[in-house]
Amino acid sequence: MLFDAHTHIQFPIYDSTRKDVLRRASDAHVKMLAVGTQYSTSKAAIELSLEYPHDVWASLGFHPSHLDKEWHHDRNEQKENEKELFDARAFSALASHKRVIAIGECGLDYFRIKNNEARSKTKDRQGEVFLAQACIAEITKKALMIHCRPSKGSDDAYEDLLSLLDSRVQNVPRILHFYVGSLAITKKLIEAGFYFTCGGVITFSHDYDEIFKYIPLDRILFETDAPYVAPEPYRGKQNEPAYIRYTVEALCCIRQEPVNKIQDTTYANSLRVFNISL
Ligand SMILES: [Zn+2]
C-alpha cells in the first residue's frame with residue numbers, strides 16, 4: 001500500500017475524470033489525503049472522503065497565496081474567481097468532522113511576494129492566518145499540513161515558521177509539504193520534530209537528493225500534489241495519485257534502499273501521523 005499525503009483530487013479540474021482517476025489509484029493501491037486550499041475546496045474534500053471512505057480522507061485549510069492582494073486564481077482549483085477572506089469560525093466548525101484528519105494546507109509563501117513595500121504586511125497577515133489554523137490543529141489534535149515556500153535562494157520562511165510555531169504547536173504532527181529547504185535548516189527542522197513530504201520533483205531534479213538522503217525515513221511521507229508537479233515520465237502533464245510510484249522508485253535510487261522498506265515505512269508513517277486506523 002501507498003499513501004499520497006497531499007493531493008487535490010477534489011479540485012474542479014477532475015470533475016469529468018475523477019471516477020477514473022480514483023479507480024486507477026485504487027488499482028495501484030494508493031490511498032490519499034485530499035487537501036483543501038480554501039473553504040470551498042476543503043468542503044469538497046470532506047464530501048469526497050465521505051463518498052470514498054476507504055481511500056480518501058480530508059484536510060481543511062486556507063492556502064497563504066489566497067491572502068495576496070492580487071487575487072489568486074488557478075483554473076485547476078476554481079471555476080470562477082471566487083474571492084474569499086479567511087473565516088476562522090467557518091473552518092473551526094468543520095474541523096471536528098470525523099473525515100478531517102489534518103488542518104492545512106496553510107503556512108507561509110514568500111516566493112510570490114512581489115514588491116518590497118507590501119512585504120512585512122503580507123508576511124504578518126500570512127503569519128496570523130497560519131497561526132489561527134495551527135491553533136485549530138492543536139485544539140482538534142489533528143496533524144498540521146504546512147505549505148512553506150521561502151524567497152529564492154533563502155530559508156527565510158522556514159526560519160519564520162520555526163519562530164512562529166515555537167512552543168505554541170508542539171502536540172500535533174507538523175508536516176512540511178513540498179519541502180525545499182537547505183541542509184542547515186533541514187537539521188533544525190528534524191530536531192524540532194517535523195515530517196517532510198517527498199514529491200515528483202525528485203524524479204526530474206537532483207537538487208533535493210542530498211536532503212532526502214539525509215532525512216530519517218521515519219519522517220518521510222510521499223505526495224503527488226496532483227494536479228501539479230507530475231513525475232517523470234509524465235512531467236508537464238496533469239498529475240494523479242496513481243503516479244506516486246514513480247516518486248517512490250526515485251527515492252529508492254537516491255537512498256539506495258529496497259522498495260519494500262521505503263513503501264512499508266512511509267505507509268506506516270502516514271497512518272501514524274494522521275491517526276488512521278484501518
Ligand atoms: Zn498543495
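# A tour of the predicted model

Select K141 to begin: this residue sits in the loop between helix 4 (116–140) and strand 5. The model you have open is a predicted one. K141 has a phi near 60°, a positive value in a residue other than glycine. Most residues other than glycine have a negative phi. K141 counts as exposed, because it has 10 C-beta neighbours inside 10 Å, and exposed here means 12 or fewer.

**The whole chain**

Now zoom out. The protein has nine helices and eight strands. Its radius of gyration is 17 Å, close to the 19 Å that the globule rule gives for 278 residues, so the protein is as compact as a globular protein of that length. Along the principal axes, the C-alpha atoms fill a box of roughly 50 × 40 × 35 Å. Of the 278 residues, 43% are buried. Take the contacts with a separation of 6 or more: 76% of them join residues 24 or more positions apart.

**Strand 1 and its partner**

Select residues 2–7, which form strand 1. Is this strand mostly covered or mostly open? Mostly covered: six of its six residues are buried. Add residues 30–35, strand 2. The two strands pair in the parallel sense, over four bridges. To find the register, show L2 and look across to V30 in strand 2, which stands opposite. Then add residues 18–27, helix 1. Strand 1, helix 1 and strand 2 together make a right-handed β-α-β unit.

**The annotated binding site**

Stay with strand 1 and pick H6. Which residues does UniProt mark with the feature "binding site"? The unreviewed entry lists H6, H8, E105 and D225. These residues span 220 residues in sequence, yet no two of their C-alpha atoms are more than 11.0 Å apart, so they gather at one spot. Show all four at once and check how they group.

- H6 lies in strand 1. H6 is buried, with 25 other C-beta atoms within 10 Å. Beyond residues up to four places away in sequence, H6 touches L33, V35, M145, H177, T197, E223 and D225.
- D225 lies in the loop between strand 8 (220–222) and helix 8 (244–255). Why is D225 called buried? Because 22 other C-beta atoms lie within 10 Å of its own, and 20 or more is the cut-off. Leaving aside neighbours within four places in sequence, D225 is in contact with H6, T7, F178, G199 and N239.
- E105 has its place in strand 4. Look at the peptide bond from G104 to E105: this bond is cis, with omega near 20°.

Keep that bond in view for a moment. Most peptide bonds are trans.

**Along the loop after strand 8**

Go back to D225 and step one residue back, to T224. T224 is also found in the loop between strand 8 and helix 8. T224 counts as buried, with 29 C-beta neighbours inside 10 Å. Not counting residues up to four places away in sequence, T224 touches D4, T7, G199, G200, N239, E240, P241, Y243 and I244. Draw a distance from T224 to P241. The two residues are 17 apart along the chain, and their C-alpha atoms are separated by 6.0 Å.

Now move forward along the loop. The peptide bond from A226 to P227 is cis, with omega near 15°. P227 has its place in the loop between strand 8 and helix 8. Next comes V229, in the loop between strand 8 and helix 8. Its phi is near 45°, a positive value in a residue other than glycine. Is V229 buried or partly exposed? V229 is partly exposed, with 19 other C-beta atoms within 10 Å.

**Last stop: helix 5**

Select residues 156–165, helix 5. Which of its residues are buried? They are A157, Y158 and L161. Turn the view to look down the helix axis. The buried residues fall within an arc of 100°, so they line one face of helix 5. To see what covers these buried residues, show strand 4 (100–109), strand 5 (143–149) and helix 6 (183–191), which are among the covering elements. Finish on D166, just after helix 5: D166 takes a positive phi of about 30°.

Methods:
Residues numbered from 1 in each chain as written. Predicted model: local features only at pLDDT ≥ 70, side-chain atom pairs only at ≥ 80, totals over all residues. UniProt positions renumbered as here; feature names shortened; annotations may be inferred. Contact = placed C-beta atoms within 7 Å. Arc of directions from axis to C-beta. Pairing = 2+ DSSP bridges. Right-handed = clockwise from strand over helix to strand, strands pointing away. Rg over C-alpha atoms; globule rule 2.2 N^0.38 Å.
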